[in-house]
There are 2 protein chains.
Amino acid sequence: MDFIELLEKRRSIRNFEDKPVPVALIKEIIQDSIKAPNASNKQAWNFIIITNAEFMKKLSDISRQGFIDSVKRNPDSPLKEYAKGLENRKEVNCFFDAPCLVYITGPTNVSTIREDVGILAAYFMLSATNKGLGTCWIGMGGGVRDKAVLKEMGLPEGHHLIAPIIIGYAKDGKIPPMRDRKEPTILKIIE
Amino acid sequence: MDFIELLEKRRSIRNFEDKPVPVALIKEIIQDSIKAPNASNKQAWNFIIITNAEFMKKLSDISRQGFIDSVKRNPDSPLKEYAKGLENRKEVNCFFDAPCLVYITGPTNVSTIREDVGILAAYFMLSATNKGLGTCWIGMGGGVRDKAVLKEMGLPEGHHLIAPIIIGYAKDGKIPPMRDRKEPTILKIIE
């Protein structure tokens with residue numbers, strides 16, 4: 001797909017067809033993604049692929065509760081009302097019942113890992129769009145702290161979950177319009 | 001340009017034609033970039049555009065010294081030898097005499113800003129490639145700490161420099177081959 005078309009088609013998708021995404025396809029997307037530039041070519045990123053719906057719901061419940069608890073610890077949080085709403089809706093799946101969830105992870109001792117994974121995730125989401133899939137980065141999904149669960153996910157000690165990205169086929173092929181963009185602020189031009 | 005072609009052509013460029021990059025073109029790249037997804041659609045990113053060679057060399061000197069000093073403060077740094085080499089080569093321009101340097105910046109109190117800017121920077125670098133330009137993220141270039149200089153750059157208090165990206169036309173159109181990629185580690189597949 002042409003890059004300009006890709007920029008329009010890559011929207012955050014939260015409503016999916018009930019159609020599985022083959023793990024082989026995810027691996028192709030990962031192969032595209034690792035062409036991303038990264039600090040000192042360390043390639044410190046790792047991946048976890050989850051297609052098991054029950055396990056995803058378990059991670060959703062844990063992440064949801066972790067989010068609610070963290071908001072409670074901060075009484076001034078602007079997310080207070082949102083968290084209160086979530087508390088009463090235990091059936092909510094923060095991964096929107098997507099057929100697949102990929103975590104991009106990395107070692108905590110690589111100082112540039114959050115930027116590196118950000119770049120990689122952009123590649124990942126654009127590559128998925130190029131293959132006709134929809135994605136959404138679910139920030140809340142990174143809130144798993146339970147060591148036993150992290151071990152079950154295959155995350156080594158000293159690593160953390162950075163980018164939880166859901167993937168699937170957009171319901172009825174519907175791609176929502178781009179959310180409003182404000183004019184970017186150019187702080188200064190030094191010519 | 002097709003996305004797959006773009007993935008091959010987007011390489012880190014460190015050798016440029018002596019040919020200016022119009023600010024209007026940079027603004028077009030910024031317009032592509034802000035289509036990037038970002039946490040809660042905050043769009044907390046800002047930009048600084050520099051094409052003034054003298055000012056760029058000043059920033060290079062400051063960044064270079066900041067880097068050397070930070071390595072000195074950490075006697076176990078794996079970058080010790082590299083920093084020692086730099087110390088003896090004061091003429092080195094860490095921005096590779098690129099005709100343009102763009103800083104993507106953001107407020108320090110937005111917890112997701114480093115990932116957000118990582119995604120945006122990927123869009124920026126791909127968009128530049130799509131327009132026939134070469135880029136390189138110069139990590140060292142973010143090391144400016146001098147408040148007077150940051151003010152001169154237009155950076156507000158409470159904001160920081162995140163992605164320093166050089167841009168220009170690759171010398172003789174030469175695009176280096178992709179640096180080696182290792183097989184990505186998939187920690188676990190949960191089906």
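**Exercise 1.** In which hand does α3(B) pass α4(B)?

*Solution.* The crossing of α3(B) with α4(B) is left-handed (the near helix is turned anticlockwise from the far one by less than a right angle; clockwise gives right-handed). The model is predicted: local features need pLDDT of at least 70 and side-chain atom pairs pLDDT 80 or more, while totals for chains, interfaces and linings use all residues. Residues are numbered from 1 along each chain as its sequence is written, and chains are lettered from A and ligands numbered from 1 in the order written.

Next, take the geometry. Helix α3 (residues 53-72) and helix α4 (residues 80-87) of chain B have axes that come within 9 Å and cross at roughly 140 degrees. Axes are lines fitted to C-alpha atoms, for helices over the stretch in contact, with angles from 0 to 180 degrees between N-to-C directions. Helices (H or I, at least four residues) and strands (E, at least two) are DSSP runs numbered from the N terminus.

Then list the residues. α3(B) contributes R64(B), F67(B), I68(B) and V71(B), and α4(B) contributes K80(B), A83(B), L86(B) and E87(B). Contact requires C-beta atoms, placed from the backbone, within 7 Å. By class, the α3(B)-α4(B) contact holds 5 nonpolar, no polar and 3 charged residues. Nonpolar covers Ala, Val, Leu, Ile, Met, Phe, Trp, Tyr, Cys and Pro, charged covers Asp, Glu, Lys and Arg, and polar the others, Gly among them.

**Exercise 2.** Find the rotation that superposes chain B on chain A, and describe the side of chain B that touches chain A.

*Solution.* Start with the superposition, done by least squares on C-alpha atoms of residues with pLDDT of at least 70 in both copies. Chain B goes onto chain A by a rotation of 180 degrees with 0.0 Å of shift along the axis, at an RMSD of 0.0 Å. The two copies are therefore related as by a two-fold rotation axis.

Now turn to the interface. 55 residues of chain B contact 55 residues of chain A. On chain B, α1 (3-9), α2 (23-33), β1 (46-50), α5 and β5 (185-190) each give two or more residues. The largest share, 12 residues, comes from α5(B). This side of chain B divides into 31 nonpolar, 13 polar and 11 charged residues. Since 100% of the interface residues of chain B are also interface residues in chain A, the copies meet through the same surface.

**Exercise 3.** At what angle do α5(A) and α5(B) pack?

*Solution.* The two helices, each residues 113-130, pack at about 45 degrees with axes 7 Å apart. Their crossing is right-handed. Residues of α5(A) that meet α5(B) include R114(A), V117(A), I119(A) and Y123(A). By class, this contact has 10 nonpolar, 2 polar and 6 charged residues.

**Exercise 4.** Which strand of chain B does β5(A) join, and by how many bridges?

*Solution.* β5(A) is joined to β1(B) by 5 bridges, and the two run parallel. Pairing requires at least two DSSP bridges. I189(A) has I49(B) as bridge partner, and I186(A) stands opposite F47(B).

Follow the pairing onward. An open, mixed sheet of 5 strands results, in the order β5(A)-β1(B)-β2(B)-β4(B)-β3(B). Its edge strands are β5(A) and β3(B) (134-137), each pairing on one side only. Neighbouring strands are turned by 20 degrees on average, direction ignored. Finally, α5(B) packs on the sheet, touching β2 (100-107), β3 and β4 (159-168) of chain B, and its direction makes about 15 degrees with that of β4(B).

Terms used
Contact = placed C-beta atoms within 7 Å.
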